[in-house]
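Hi everyone, thanks for making the time. I'd like to walk you through a structure that is probably new to most of you, so have a look at it while I talk.

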Amino acid sequence: YFVCQIPHGKKYDKKWLLGAIQNICSVPFKPVQYHIDHNRAHFYIDDSATATALHKCSHKITDRDGYKVEVHVNPSAPPSYLLTDLKPEQLEPLKLKSDRELDKLKGLKLVELWLNRNPLCDPFKDQAAYISAVRERFPRLLKLDGQDLPPPIGFDVETPTTIPPCKGSCFISDDIKALILRFLQQYYSVYDSGDRQPLLDAYHDGASFSLTTPYSTQNPSRSSLGEYHKDSRNLKRLKDSTIRYRLLKHTRLNVVAFLNELPKTQHDIASFTTDVNTYTNTLLAFTVSGIFKEG
């Protein structure tokens with residue numbers, strides 16, 4: 001099986017999204033167990049040819065906001081509803097390639113398992129290492145490839161394996177949430193308008209501003225933020241104090257003048273995640289992460 005993931009797929013209508021992918025996919029496909037997990041849309045397919053065709057669909061669909069739809073395809077364990085009814089001998093034809101793929105099946109409380117002729121069996125130096133690796137995933141296993149195993153030693157306590165879900169924005173209170181969302185909406189509507197001069201109203205006369213990108217200009221292929229590198233004040237990389245001072249913009253006039261020199265952008269407000277770091281009667285500090293495109 002393969003899992004197909006569409007980042008930010010939550011904001012799309014299911015019928016529109018699947019129809020748009022099917023229209024450009026070179027082969028017909030039947031999505032299995034379509035669901036939303038956090039912001040991503042997920043579904044499964046059961047053959048490699050379809051997986052390859054779907055992978056080629058990435059960045060070829062444009063949504064109504066002008067953003068390219070990404071399509072990620074990766075090998076996967078069968079969908080959960082199939083695993084519920086999976087029999088031990090049915091794992092053999094799955095052709096698992098490495099013992100790491102067994103991690104995807106750890107939820108099965110198996111006492112018998114057949115993995116004979118799976119590629120994952122080949123790398124082990126001896127039978128003991130093979131049994132140990134399999135039993136690490138299935139501690140209750142009593143029979144492997146038709147051979148009885150020694151009774152498992154351990155405590156009958158299940159260790160939770162569920163990863164805590166990723167949390168969204170943190171605003172402290174509804175009043176703070178309303179204030180921040182209103183500010184972000186107004187700020188980025190001006191920032192993306194093509195005329196950033198009205199942003200003067202957003203800054204104090206004594207405001208300071210700096211910009212940082214994670215990569216240096218020595219590795220431009222690792223990032224598409226080339227226009228931002230020359231003004232990046234990344235303190236981990238920049239040691240010259242004179243340049244550090246020059247790249248720190250002072251006063252609202254200099255800040256907005258600098259913003260006007262940056263490339264035109266369009267921000268996807270729906271993708272924003274906001275976290276309030278500090279809040280007092282006179283101070284509000286928060287971080288925002290999200291997606292934008294140039295142009």
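Let me start with one term: two strands count as paired if DSSP finds at least two bridges between them. With that in hand, take β2 and β3, which pair in the antiparallel sense over four bridges. In that pairing, Asp37 sits opposite Arg40 in β3. The hairpin of β2 and β3 has two residues between the strands, and His38 takes a positive phi near 60° there. Oh, and please keep in mind that this is a predicted model.

Now let's step back to the whole chain. We have 295 residues, and 34% of them count as buried. The protein chain has eight helices and 13 strands. If you take the contacts with a separation of 6 or more, residues 24 or more positions apart account for 60% of them.

Back to the hairpin, and to the sheet around it. What is the order of the strands in the open sheet of four? Reading across, we get β2-β3-β1-β6, and the pairing is antiparallel. At the edges stand β2, residues 32-37, and β6, residues 72-75; each has a single partner strand, so one side of each is left without a neighbour in the sheet. From one strand to the next, the twist averages 20°.

Inside that sheet, look at β1, residues 2-6, next to β3, residues 40-45. These two pair in the antiparallel sense over five bridges. One position to find on your screen is Cys4, which stands opposite Phe43 in β3.

Two helices go with this sheet. Helix α1, residues 14-24, lies across β1, β2 and β3, and it runs at about 120° to β2. Then there is helix α2, residues 48-55, which packs on the sheet and touches β1, β3 and β6. The direction of α2 makes about 150° with that of β3.

Okay, next sheet. This one is also open, with three strands in the order β7-β8-β9 and mixed pairing. Its edge strands are β7 and β9, the latter at residues 147-148, and each of them pairs on one side only. Between β8 and β9 there are two bridges, and those strands run antiparallel. Leu144 stands opposite Gln147 in β9.

What packs against β7 and β8? That would be the buried residues of α4, with β7 at 112-113 and β8 at 143-144. Helix α4 covers residues 127-137, and its buried residues are Tyr130, Ala133, Val134, Arg135 and Arg137. At the N-terminal end, α4 is capped by Asp126: a side-chain oxygen lies 3.2 Å from the backbone nitrogen of Ala128.

Let me stay with one residue of that helix, Arg135. Why does Arg135 count as buried? Because its relative accessibility is 17%, and the cut-off for buried is under 20%. Arg135 and Leu149 are 14 residues apart in sequence, and their C-alpha atoms are 9.7 Å apart in space.

Now for some empty space. How much of it lies in the largest pocket? About 990 Å³. The lining is made of 30 residues, and the closest to the centre are Tyr187, Tyr188, Phe209, His267 and Val288. The elements that give two or more residues to this lining are α5 (174-191), β10 (208-209), β12 (265-279) and β13 (284-294). Which of them gives the largest share? It's β13, with seven residues.

Since β12 and β13 both turn up in that lining, here is how they are joined. Ten bridges link β12 to β13, and the two run antiparallel. One pair to look for is Val276 and its bridge partner Phe286 in β13. The hairpin that joins β12 to β13 goes through four residues.

Last stop: a loop residue. Ser232 is found in the loop between α6, residues 226-229, and α7, residues 241-246. Is Ser232 buried or exposed? Ser232 has a relative accessible area of 12%, so it counts as buried. Apart from its neighbours within four places in sequence, Ser232 is in contact with Leu211, Thr212, Thr213, Leu238 and Leu247.

That's my tour, thanks for listening.

How values were computed: Residues are numbered from 1 along each chain as its sequence is written. This is a predicted model: local features need pLDDT of at least 70, side-chain atom pairs count only at pLDDT 80 or more; totals for chains, interfaces and linings use all residues. Side-chain values use heavy atoms; hydrogens and water are left out. Axes are lines fitted to C-alpha atoms, for helices over the stretch in contact, and angles run from 0 to 180 degrees between N-to-C directions. Contact means heavy atoms within 4.5 Å. Buried means under 20% relative accessible area, exposed over 50%, partly exposed in between (1.4 Å probe, protein chains only). A polar contact is a pair of N or O atoms within 3.5 Å; within protein, one must be able to donate a hydrogen and the other to accept it, and residues adjacent in sequence count only if both atoms are side-chain atoms. On a 1 Å grid over the protein atoms alone, a cavity is a set of points where a 1.4 Å probe fits but cannot get out, and a pocket is an open set with protein on both sides within 12 Å along at least five of seven lines; lining residues have an atom within 4 Å of a point. Grid points are joined across faces, edges and corners, and a volume is the space filled by probe spheres set on the points.
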